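Biologist: Could you take me through one part of this model up close? I would love to hear how two of its helices pack together, and what lies around them.

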Amino acid sequence: MATTATSKKSLSLTTWILIGTIGGIVFGSLVGPWAANLKFVGDIFIRLIQMSVVLLVMTSVMAAVGNVDNAGAGKMGFHTFKWIIIFTLVSASIGLILGTVIKPGVGITIADASQITGPVEAASIQDTLLGFVPTNIIASMASGAMVPCILFSIVFGLAMGSY
């Protein structure tokens, strides 16, 4: 009896994630504190993700901006801006509601007035905007500064798409 590709079902990524999560909970419950000896495996995994996230974001932005013709750029920019505003308002509303309900920090004393040396000066708007433009993109990538990396990617993508 020949098997076809449609009769053979593989598990979805979501199913594998759930299996891994349940397996991790069971393993942690069985071996208890000894599981801390395997923490380095999780640390390596997190470092691999951190190492690749800047490059993934930059190449995605460059490819998206570089492949858009002039007519589609305005429409894409409008929709991007629209979704950023919508998600910002939703997240700010959720934060405001949760802060009002939970009241985090109530009853906690962090420092005495005598320990405070003085007010911290906020950066000016010019310094903030100047910080968006990287002098060295490699240094920005190494420090994980995403805004300068995204701005560089947009400029690079526009230059790439102009040819």
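Modeller: Happy to; here is a look at one helix pair, followed by a nearby loop residue and a helix elsewhere in the chain. Please keep in mind that this is a predicted model.

Two packed helices are described by the angle between their axes and the distance between the axes. For helix α2 (residues 39-66) and helix α6 (residues 146-161), the angle is about 35 degrees and the axes lie 7 Å apart. The crossing of α2 and α6 is right-handed. On the α2 side, the contact is made by Val 54, Val 57, Met 58, Val 61, Met 62, Ala 63, Val 65 and Gly 66. From α6 come residues including Met 146, Cys 149, Ile 150, Phe 152, Ser 153 and Phe 156. In character, the residues of this contact divide into 15 nonpolar and four polar, with no charged ones.

Phe 152 of α6 also leads us to Pro 134, which touches Ser 140, Pro 148 and Phe 152, leaving aside residues up to four places away in sequence. Pro 134 sits in the loop between α4 (125-132) and α5 (137-143). Its relative accessibility is 22%, so Pro 134 counts as partly exposed. Eleven residues along the chain from Pro 134 is Ala 145, and their C-alpha atoms are separated by 9.3 Å.

Finally, helix α1 (residues 13-31) has 19 residues, which at 1.5 Å a residue should span 27 Å; its end C-alpha atoms are 27 Å apart, so the two agree. Just after α1, Gly 32 adopts a positive phi of about 60 degrees.

Methods
Residues are numbered from 1 along each chain as its sequence is written. This is a predicted model: local features need pLDDT of at least 70, side-chain atom pairs count only at pLDDT 80 or more; totals for chains, interfaces and linings use all residues. Side-chain values use heavy atoms; hydrogens and water are left out. Axes are lines fitted to C-alpha atoms, for helices over the stretch in contact, and angles run from 0 to 180 degrees between N-to-C directions. Helices (H or I, at least four residues) and strands (E, at least two) are DSSP runs, numbered from the N terminus. A crossing is left-handed if the near helix is turned anticlockwise from the far one by less than a right angle, and right-handed if clockwise. Contact means heavy atoms within 4.5 Å. Ala, Val, Leu, Ile, Met, Phe, Trp, Tyr, Cys and Pro count as nonpolar, Asp, Glu, Lys and Arg as charged, and the others, Gly among them, as polar. The expected span of a helix is 1.5 Å times one less than its number of residues. Buried means under 20% relative accessible area, exposed over 50%, partly exposed in between (1.4 Å probe, protein chains only).
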